[in-house]
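Q: Please take a close look at a single residue in this model and at the helices around it. Which contacts does the residue make, and where do its partners lie?

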Amino acid sequence: MTRSQPRRARGTVGHAYSALNLRLVLASFGLITMVVFGVLAFRAGVVWLGVVCALFAVVAVVDLVIIQRRRGARRREEPGTRHSLFE
């Protein structure tokens with residue numbers, strides 16, 4: 001097991017547990033989407049929906065931090081290796 005993957009995960013260096021680059025793209029999309037919808041909801045006066053969107057945006061930020069830490073650990077373990085979107 002590599003340190004860039006969670007403990008007791010089934011992945012290996014050759015076959016990753018999670019596609020980190022794809023997760024990064026999806027989390028970024030979720031963050032941007034939730035910020036835009038949250039701003040629109042607050043402007044429309046639907047405060048509860050704006051708060052829900054803000055909470056989802058916070059979850060996306062936390063996910064982005066976790067993904068970046070795992071990508072950094074993978075980069076330290078495999079220097080010079082480039083990974084595609086699905087690795």
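A: In this predicted model, Arg 71 touches Leu 20, Asn 21 and Leu 24, when residues up to four places away in sequence are not counted. Arg 71 itself is found in helix H2, whereas Asn 21 lies in helix H1, which covers residues 20–44. With Asn 21 the contact is also polar, since the side chains of Arg 71 and Asn 21 are joined by a polar contact of 2.9 Å. Asn 21 has a relative accessible area of 10% and is therefore buried, because that value is under the cut-off of 20%.

Arg 71 is likewise listed among the buried residues of H2. That list also includes Gly 50, Cys 53, Ala 57, Ala 60, Leu 64 and Ile 67, together with Gly 72, Ala 73 and Arg 74, and the buried residues of H2 pack against H1.

As for the helix that carries Arg 71, H2 runs over residues 47–77, and its 31 residues should span 45 Å at 1.5 Å a residue. The C-alpha atoms at the ends of H2 are 45 Å apart, so the expected span and the distance in the model agree.

Turning to the surface, Ile 32, Val 36, Phe 37 and Leu 40 make a nonpolar surface patch of about 390 Å². Of these patch residues, Leu 40 is found in helix H1, the helix in which Asn 21 also lies.

Key: Residues numbered from 1 in each chain as written. Predicted model: local features only at pLDDT ≥ 70, side-chain atom pairs only at ≥ 80, totals over all residues. Heavy atoms only, no water. Helix = DSSP H or I, 4+ residues; strand = E, 2+ residues; numbered from the N terminus. Buried < 20%, exposed > 50% of the residue type's maximum accessible area, 1.4 Å probe, protein only. Patch = residues over 30% accessible without salt bridge, like charges linked within 9 Å, V, L, I, M, F, W, Y side chains within 5 Å. Areas by Shrake-Rupley, 256 points an atom, 1.4 Å probe, with all protein chains shown as cover. Salt bridge = Lys/Arg side-chain N within 4 Å of Asp/Glu carboxyl O. Expected span 1.5 Å × (residues − 1). Contact = heavy atoms within 4.5 Å. Polar contact = N/O pair within 3.5 Å; in protein donor to acceptor, adjacent residues only side chain to side chain.
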